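User: I have a structure open and would like to go through its pockets, cavities and odd backbone spots. Can you take my questions as they come?

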Amino acid sequence: MEPRELRRAVGAGRAAAAELGLQVDEVSVIHNSDRVALRLVPCDVLARVAPLGHLADSAFEVEVGRRLAEAGAPVAEPDPRVEPRVHVRDDFAVSFWTYYEPAGPPIAPADYAEVLRRHHAALRRLDLDAPRFTDRVARALSEVNDRERSPELAESDREFLGLALSGLSAAISDGGPGGQLLHGEPHPGNLLRTRRGPLFVDLATCCRGPVEFDLAHTPEEVGERYPGADPSLTRLCRALNWAMFSAWRWRRADQMPDRDRWRAEGLDRLRAALERCGPG
């Protein structure tokens with residue numbers, strides 16, 4: 001978020017917490033993107049604050065987090081002191097989560113693969129209506145195809161990105177109708193080191209597809225240790241991830257820091273990932 005919007009989001013998080021009886025003397029920004037994560041002290045709560053346009057996503061995340069916590073999944077839990085729902089304040093959607101102090105050594109690839117396997121096992125036990133990964137691809141493709149929403153994208157790169165998104169999406173088989181329920185973006189930034197062990201956060205990206213779609217967000221050493229993973233399918237999914245990443249960077253409204261560098265690097269990474277996939 002831009003500084004002015006960030007100040008408003010911090011104010012909304014503080015006010016929503018105070019209304020629920022949580023004491024807030026200080027607020028620190030843990031993460032700032034299209035949504036922000038705030039640590040509130042001394043109540044020691046993590047507040048996730050999003051523009052009201054993300055209300056449905058925020059509500060979905062709370063429901064996923066609540067149900068996964070009940071299923072014993074390795075996830076960060078909604079804060080037990082407040083009702084697990086989204087609170088609307090000053091045009092922002094605010095949810096409250098348990099804050100986990102960083103602890104422990106870096107997560108080894110074998111441990112990363114094991115916690116993701118456990119997470120997938122818990123997800124399979126949920127009866128949850130979630131979009132397929134192809135829905136996310138379709139949104140990225142719509143950004144690429146709309147010249148008003150991505151006006152700075154060169155026509156040759158627009159064609160390249162469009163073909164990559166549509167071709168890779170079609171090539172990735174999920175092995176059955178609907179596929180496995182997934183985290184959606186279990187990259188290292190969404191896996192916390194805590195005293196309870198590794199815990200996944202940012203659950204709003206939950207979707208259906210092959211487990212390789214999740215593995216494509218992790219270091220390669222993790223995929224090599226995940227039982228039953230298909231290496232060739234994982235490579236296709238990695239290329240698809242770079243195609244979607246590149247599509248988001250070319251949006252007029254994208255606010256990622258150092259965006260210009262990532263625009264060029266995203267396309268380079270996509271070309272490299274496609275070469276690793278082999279002919280066709």
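Analyst: One definition before the pockets: Ala, Val, Leu, Ile, Met, Phe, Trp, Tyr, Cys and Pro count as nonpolar, Asp, Glu, Lys and Arg as charged, and the others, Gly among them, as polar. Also, this is a predicted model.

User: Fine. What is the make-up of the second largest pocket's lining by class?

Analyst: Its lining has six charged, three nonpolar and two polar residues. The charged ones include Glu220, Glu224, Asp230 and Arg235. The volume of this pocket is about 200 Å³.

User: Which helix gives the most to that lining?

Analyst: H8 does, with four residues. Helix H8 covers 231–249, and helix H7 (220–225) also supplies at least two residues.

User: Switching to cavities. How many are there of 30 Å³ or more?

Analyst: Three. The largest has a volume of about 60 Å³.

User: Which residues line the largest one?

Analyst: Leu46, Arg48, Glu61, Ala76, Trp97, Val201, Asp202 and Leu203. By class, five are nonpolar and three are charged, with no polar residue.

User: Asp202 caught my eye. Is that one buried or exposed?

Analyst: Asp202 counts as buried because its relative accessible area is 16%, and buried means under 20%. Asp202 sits in the loop between strand S8 (197–200) and strand S9 (207–209). Its phi is near 60 degrees, a positive value in a residue other than glycine.

User: Where else is there a positive phi in a residue other than glycine?

Analyst: Asp91 has one, with phi near 65 degrees. Asp91 lies in the loop between S4 and strand S5 (92–98). Asp91 is exposed, with a relative accessible area of 51%.

User: And what is on strand S4 itself?

Analyst: Val88, for one; S4 spans residues 87–89. Val88 forms a nonpolar surface patch with Leu52 and Leu55, and together they have about 220 Å² of accessible area.

User: Back to the backbone. Which residues does a cis peptide bond join?

Analyst: Val41 and Pro42, with omega at about 10 degrees. Pro42 is in strand S2, residues 36–42.

User: Last one: how far apart are Leu267 and Phe160?

Analyst: In sequence they are 107 residues apart, and in space 9.2 Å, C-alpha to C-alpha. Leu267 belongs to helix H9, residues 259–277.

User: Why does Leu267 count as buried?

Analyst: Because its relative accessible area is 4%, and the cut-off for buried is under 20%.

How values were computed:
Residues are numbered from 1 along each chain as its sequence is written. This is a predicted model: local features need pLDDT of at least 70, side-chain atom pairs count only at pLDDT 80 or more; totals for chains, interfaces and linings use all residues. Side-chain values use heavy atoms; hydrogens and water are left out. On a 1 Å grid over the protein atoms alone, a cavity is a set of points where a 1.4 Å probe fits but cannot get out, and a pocket is an open set with protein on both sides within 12 Å along at least five of seven lines; lining residues have an atom within 4 Å of a point. Grid points are joined across faces, edges and corners, and a volume is the space filled by probe spheres set on the points. Patches are made of residues with over 30% relative accessible area and no salt bridge: like charges are joined within 9 Å, nonpolar side chains (Val, Leu, Ile, Met, Phe, Trp, Tyr) within 5 Å. Accessible areas come from the Shrake-Rupley method with a 1.4 Å probe; for residues, only the protein chains shown count as cover. A salt bridge is a side-chain nitrogen of Lys or Arg within 4 Å of a carboxyl oxygen of Asp or Glu. Buried means under 20% relative accessible area, exposed over 50%, partly exposed in between (1.4 Å probe, protein chains only).
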